[in-house]
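Grab a coffee and open the viewer. Below are a few short exercises, each followed by a worked solution.

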Amino acid sequence: MLIAPSILSADFGSLADEVKNVCEAGADYVHIDVMDGHFVPNLTIGPLVAGAAAKAASKPLDIHLMVENVPFFAELFAPIKPEFLSFHIEEEKHPHRLISRIRDLGIRPAITLNPHTTERAIEYLLGDLDMVLLMSVNPGFGGQRFIPSVLEKTQRLKELIVKRSPKCLIEIDGGVNGENASALKEAGADILVAGAYIFGAADRKAAIDSLR
Ligand code: DX5
Ligand code: ZN
């Protein structure tokens with residue numbers, strides 16, 4: 001299991017140290033939540049701050065766009081060279097075109113699904129994706145409670161992936177903790193995002209190890 005701490009729950013006054021700390025504690029990716037105040041009712045990280053996090057990180061970035069006007073934001077964050085760049089299927093009218101553009105920029109494309117969106121919405125995109133991110137909370141805030149129906153969705157998505165694009169990864173984001181991690185693994189998850197659970201832990205390495 002790969003682990004991606006979400007810096008949304010970090011101390012932003014010491015962001016560089018926080019990023020270094022979770023990388024040293026065993027993170028595989030650093031998850032960056034970009035919110036625009038339109039697609040979600042919160043406003044977070046722009047390219048300047050994401051760039052500062054990238055400079056401090058010894059692990060690759062996983063940028064999660066929760067924004068309207070996705071192509072604009074994709075271009076804005078591309079120079080930071082994240083490993084993954086994900087955007088919400090609910091927002092983009094031409095996802096296939098944007099996936100191709102992200103790959104042309106040298107970034108691995110990913111699509112995110114809100115809790116209500118069926119996995120079948122992206123069935124015909126799977127062959128072009130490196131990762132699917134399933135939201136297990138309503139996007140916008142850290143520290144929310146895990147929505148259990150994502151377990152069934154993870155299983156169903158895994159079945160589609162095995163059939164159509166076996167290399168595509170499944171990432172779960174929201175309310176992930178030591179109690180639901182093993183059920184998510186069993187359902188087919190490859191990467192777990194966790195904010196409050198890791199940054200709120202006295203021992204972050206132990207928190208990351210418990211998820212793995
Ligand atoms: C929510 C974000 C998540 C969030 C996860 O919109 O996409 O990445 O930070 O935080 P926790 O693990 O605290 O639910
Ligand atoms: Zn996220």
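Before starting, one term: helices (H or I, at least four residues) and strands (E, at least two) are DSSP runs, numbered from the N terminus. Also keep in mind that this is a predicted model.

**Exercise 1.** Find where Tyr 124 sits, and decide whether Tyr 124 is buried or exposed.

Solution. Step one is to place the residue: Tyr 124 belongs to the loop that runs between strand E5 (108-113) and strand E6 (131-135). Step two is the area. The cut-off for exposed is over 50% relative accessible area. Tyr 124 has 66%, so it is exposed. Step three looks across the sequence: Arg 164 is 40 residues away from Tyr 124, yet their C-alpha atoms are 8.6 Å apart in space.

**Exercise 2.** Do the same for Gly 127, and work out how far its C-alpha is from that of Arg 164.

Solution. Gly 127 is also in the loop between E5 and E6. Its relative accessible area is 58%, so Gly 127 counts as exposed. For the distance, go 37 residues along the chain to Arg 164, and you'll find the two C-alpha atoms separated by 6.3 Å.

**Exercise 3.** Thr 117 is in the loop between E5 and E6 too. Is Thr 117 buried or exposed, and which side chain does Thr 117 contact?

Solution. Here you need the other cut-off: buried means under 20% relative accessible area. Thr 117 comes out at 9%, and therefore it is buried. Now look at its side chain: a polar contact of 3.4 Å links Thr 117 with the side chain of His 116.

**Exercise 4.** Look up phi for Asn 69 and Lys 81, then say where each residue lies and how accessible it is.

Solution. Take Asn 69 to begin with. Phi is positive, about 50°, even though Asn 69 isn't a glycine. You'll find Asn 69 in the loop between E3 and helix H3 (70-77). With 47% relative accessibility, Asn 69 counts as partly exposed.

Now Lys 81. This non-glycine residue has a positive phi as well, near 55°. Lys 81 lies in the loop between H3 and strand E4 (84-88). Its relative accessible area is 57%, so Lys 81 is exposed.

**Exercise 5.** Describe the surroundings of ligand 1: how many residues surround it, and which are the closest?

Solution. Start with the count. Ligand 1 is surrounded by 20 residues, and the closest are Asp 33, Gly 140, Gly 143, Asp 173 and Gly 195. By class, the shell splits into 9 nonpolar, 9 polar and 2 charged residues.

Next come the side-chain partners. Asp 173 has a polar side-chain atom 2.7 Å from an oxygen atom of ligand 1. In the side chain of Ser 6, an N or O atom is 2.9 Å from an oxygen of the ligand. For His 31, the corresponding distance between a side-chain N or O atom and a ligand oxygen is 3.4 Å.

Then check the cover. On its own, ligand 1 would expose 380 Å², and the protein buries 99% of that. The space that ligand 1 takes up is the largest pocket.

Last, ask which elements give two or more residues to the shell. They are strand E2 (30-35), strand E3 (61-66) and strand E8 (191-194). E2 gives the most, with 3 residues.

Note on methods. Residues are numbered from 1 along each chain as its sequence is written. Chains are lettered from A and ligands numbered from 1 in the order in which they are written. This is a predicted model: local features need pLDDT of at least 70, side-chain atom pairs count only at pLDDT 80 or more; totals for chains, interfaces and linings use all residues. Side-chain values use heavy atoms; hydrogens and water are left out. A residue is near a molecule or strand if one of its heavy atoms lies within 4 Å of it. A polar contact is a pair of N or O atoms within 3.5 Å; within protein, one must be able to donate a hydrogen and the other to accept it, and residues adjacent in sequence count only if both atoms are side-chain atoms. Accessible areas come from the Shrake-Rupley method with a 1.4 Å probe; for residues, only the protein chains shown count as cover. On a 1 Å grid over the protein atoms alone, a cavity is a set of points where a 1.4 Å probe fits but cannot get out, and a pocket is an open set with protein on both sides within 12 Å along at least five of seven lines; lining residues have an atom within 4 Å of a point. A molecule sits in a cavity or pocket if more than half of its atoms lie within 2 Å of its grid points. Ala, Val, Leu, Ile, Met, Phe, Trp, Tyr, Cys and Pro count as nonpolar, Asp, Glu, Lys and Arg as charged, and the others, Gly among them, as polar. Buried means under 20% relative accessible area, exposed over 50%, partly exposed in between (1.4 Å probe, protein chains only).
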